[in-house]
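Trainee: Got a minute to go through this one with me? I'd like to start with the overall fold.
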Amino acid sequence: MREIHVIGIGAGDPDQLTLQAVKALRDTDVFFILDKGEAKADLTGLRRDMLEAHIPGGGYRVVEARDPERDRKAGGSAYSPAVGDWRSARADIYERLISEELGEEQTGAFLVWGDPSLYDSTIGILEEVLERGRVVFGFDVVPGISSVSALAARHRTGLNRVARPVQITTGRRLAEGFPEGVDDVVVMLDAHQSFRAYADQDVDIYWGAYIGTPDEILVSGPLAEAAPRIEHLRAKARERKGWIMDTYLLRRRPDES
Ligand SMILES: C[S@@+](CC[C@H](N)C(=O)[O-])C[C@H]1O[C@@H](n2cnc3c(N)ncnc32)[C@H](O)[C@@H]1O
């Protein structure tokens, strides 16, 4: 039977590939690399470098495919169907890759940015392909170091405070309001710098872009002071590279009254 590894490869630093991930890389015949947009060339190059560094002697095949673009303009109630269409368009591609590019007895792998459990649809898409029943395979998941873990480590901080919860959310959600019942919020997928709405509150920010790569930028401090700096650095970096990936932790300061 065909086997698939879903391998978390870390958020950018090749040294953050785990030993388990390296074993899975070496066990793979065909790598499927899906990317899209401006970041494609950079991120695909990084994955190829990882393969070259960790699979001495080669002997594997790389199949690149273009990810369908998601309709990001669809807001409000249209958001979910847009995501649904996008997932099934991706499922079509995955199904074709597995049935046409992977031999019956071979092992394939999807190299997933960060950790596959966090804001990544690879596992869900593979399940959808299996449900369709046109191609049969087994799959396992190798965890990776997420951008969230990498962010906390680079800022030498924890995500939660003692016995307190932490919430991981998106820029879109943060724009709807600071989550209730939590004082520590990690924000991903934020194209609009939604943190700006909280600059007048007693909040600290720990921000990082391109974490783990040579382009890494880190800023931390009271949000009121850090926000304009982040906006400036973010705009400059985005202009220079053409794309940006950033993540941040917002931490409400304890009420001292
Ligand atoms: C589709 S999600 C994938 C998350 C990934 N599975 C993970 O575990 O980090 C993409 C988001 O991850 C964050 N991200 C991924 N890599 C990053 C990096 N090297 N530096 C900063 N943020 C990163 C950004 O918030 C970006 O918008």
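Trainee: So which contacts does the chain have, mostly short-range or long-range in sequence?
Mentor: Of the contacts in the protein chain with a separation of 6 or more, 73% are between residues 24 or more positions apart; a contact here means heavy atoms within 4.5 Å.
Trainee: Anything I should know about the model itself?
Mentor: This is a predicted model, where local features need pLDDT of at least 70 and side-chain atom pairs count only at pLDDT 80 or more, while totals for chains, interfaces and linings use all residues. Residues are numbered from 1 along each chain as its sequence is written, and side-chain values use heavy atoms, with hydrogens and water left out.
Trainee: How many helices and strands are there?
Mentor: The protein chain has seven helices and ten strands. Those are DSSP runs numbered from the N terminus: helices are H or I with at least four residues, strands E with at least two.
Trainee: And why call it as compact as a globular protein of that length?
Mentor: Its radius of gyration is 20 Å, close to the 18 Å that the globule rule gives for 257 residues, so the chain is as compact as a globular protein of that length. The radius is taken over C-alpha atoms, and the rule is 2.2 Å times the number of residues to the power 0.38.
Trainee: What share of the residues is buried?
Mentor: Buried residues are 46% of the 257. Buried means under 20% relative accessible area, exposed over 50%, and partly exposed in between, using a 1.4 Å probe and protein chains only.
Trainee: Switching topic: how many residues of β8 are buried?
Mentor: Seven of the seven in β8, residues 203-209, so to speak a mostly covered strand. V203, I205, W207 and A209 point one way, and D204, Y206 and G208 the other.
Trainee: Which strands does β8 pair with?
Mentor: β8 pairs with β10 (residues 246-252) in the antiparallel sense over seven bridges, and six bridges join β8 to β9 (residues 217-222), also antiparallel. Pairing needs at least two DSSP bridges between two strands.
Trainee: Which residues sit opposite each other there?
Mentor: A209 stands opposite D246 in β10, and V203 has R252 in β10 as its bridge partner. Over in β9, W207 is partnered by V219.
Trainee: Is β10 enclosed or open?
Mentor: Six of the seven residues of β10 are buried, so β10 is largely enclosed by the rest of the structure. Strand β7 (residues 184-188) runs antiparallel to β10, with four bridges joining them, and V185 stands opposite L250.
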